[in-house]
Amino acid sequence: MDIVDTHTHVISPDAQRYPVDPIGGKQSEWSKVHPVDIEGLVRALDDAGIARAVVVQASTVYGHDNRYAAEALRRHPDRFAGVYSIDAMAPDAVERIDHWQGLGFSGFRLFTTGTTMPGQADWLGHEDSFPAWAHADRHDIPVCLQMTIQGLPKLRSLLDRFPNVRVLLDHCARPDLSDGRPYHLAEDLFGLAAYPGVHLKLTHRALSAAEKGASTVREFLTDLVAAYGANRIAWGSNFPAADGRLPDLLAEARETVSVLPDADLRQIFGATAAEFYPGADHIDAAVLGDV
């Protein structure tokens, strides 16, 4: 099967052309210690046997300046789809969405937590962000969310207001699974399965959480697929933010997730991504101009 990686990042060695300007003001350590540029990511994909990847804006490096991710799309439209970052609270958020969409990106990302910004940002769900959500709702623009499980009630309110928006939760929203079945600590995550537009990004962070306390990976994945269906779950490596080589990250993920049936594995490691981000299957080079 063709494997699609839904969560990769690229970091330019040219800090003058692409200056560091991270959300929250602090650059991530991983981007300093083991950055990977565009051609390095292509080599890593080739080494891992991964057909295509989604380049997700490195928010802890470039903030909302998505030019280097756009350069990745321009150079390799056959290998990459792209997800850009925006400030959803900004007065020009809709204009910025149209700008980046016009450069061939497949959707935007809202960064509300992370290693440099622990906790859940309180602006998620603020009315000033409604125009961006309404634009996504109207034009079927997918929204990727870097968030914690504590923010899910606000997301639920947003989805009630904008029911057509398709969302993809990075790291399954970083759930606490340590209590094990029936996962009361993650009940908001499982409850969101009632919203058909909600999709989950299965990464090493989520799989690691499933091994803590009373939880087991088999039980968590079985319950997650039962709630969402494999067609709403997609694998992402988080390379190079995650430690290790991309071939090893893929091998570890495939071994861990192998408790599921083959049909589910085909969805999680490729088909779901291709359906959620059609650009992960093909990008028309004609729409990509100079960045």
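Two strands count as paired if DSSP finds at least two bridges between them. By that rule, strand β2 (residues 52–56) pairs with β3 in the parallel sense, over 4 bridges. The model described here is predicted.

## Strand β3 and its neighbours

Within the β2 and β3 pair, Ala53 has Phe80 as its bridge partner in β3. Strand β3 also pairs with β4, again in the parallel sense, over 3 bridges. Here Ser85 stands opposite Arg109 in β4. Together, β3, α5 and β4 make a right-handed β-α-β unit.

How many residues of β3 are buried? In this strand (residues 80–85), 6 of the 6 residues are buried, so β3 is largely enclosed by the rest of the structure. In a regular strand, side chains alternate between the two faces of the sheet. In β3, Phe80, Gly82 and Tyr84 point one way, while Ala81, Val83 and Ser85 point the other way. The residues of both groups are buried.

## Helix α6 and the residue after it

Helix α6 covers residues 130–139 and is mostly covered, with 7 of its 10 residues buried. Those buried residues are Phe130, Ala132, Trp133, Ala134, His135, Ala136 and Asp137. Which elements do they pack against? The buried residues of α6 pack against the helices α5 (93–102) and α7 (152–161), and also against the strands β4 (107–111), β5 (143–146) and β6 (167–169). Among these partners, α5 and β4 are also parts of the β-α-β unit with β3.

Just after α6 comes Asp140, which takes a positive phi of about 55°. Asp140 is partly exposed, at 45% relative accessibility.

## Salt bridges

A search of the whole structure finds 13 salt bridges. The table gives three of them, with the distance between N and O atoms.

| Pair | N to O distance |
|---|---|
| Glu71 and Arg74 | 2.7 Å |
| Asp140 and Arg166 | 3.0 Å |
| Arg245 and Asp248 | 3.4 Å |

The bridge between Asp140 and Arg166 involves two loops. Asp140 lies in the loop between α6 and β5, and Arg166 in the loop between α7 and β6, so the pair ties together parts that are 26 residues apart in sequence.

Glu71 and Arg74 both belong to helix α4 (residues 67–75). Because they are 3 residues apart in this helix, about one helical turn separates them. Is Glu71 buried or exposed? Glu71 is buried, with a relative accessible area of 5%, whereas Arg74 is partly exposed at 37% relative accessibility.

In the bridge between Arg245 and Asp248, both partners are partly exposed: Arg245 has a relative accessibility of 47%, and Asp248 has a relative accessible area of 35%. Elsewhere, salt bridges that share partners join Glu39, Glu71, Arg74 and Arg75 into one network.

## A buried acid without a salt bridge

Asp264 is found in helix α12 (residues 262–276). This residue is buried but has no salt bridge. How far away is the nearest side chain of opposite charge? That side chain belongs to Arg266, and it is 8.3 Å away from Asp264. A salt bridge requires a side-chain nitrogen of Lys or Arg within 4 Å of a carboxyl oxygen of Asp or Glu. Leaving aside neighbours within four places in sequence, Asp264 is in contact with Val225 and Ala230.

Terms used:
Residues are numbered from 1 along each chain as its sequence is written. This is a predicted model: local features need pLDDT of at least 70, side-chain atom pairs count only at pLDDT 80 or more; totals for chains, interfaces and linings use all residues. Side-chain values use heavy atoms; hydrogens and water are left out. Buried means under 20% relative accessible area, exposed over 50%, partly exposed in between (1.4 Å probe, protein chains only). Contact means heavy atoms within 4.5 Å. A crossover is right-handed if, with the strands pointing away from the viewer, the path from the first strand over the helix to the second runs clockwise. Lys and Arg count as positive and Asp and Glu as negative; His and the chain ends are not counted.
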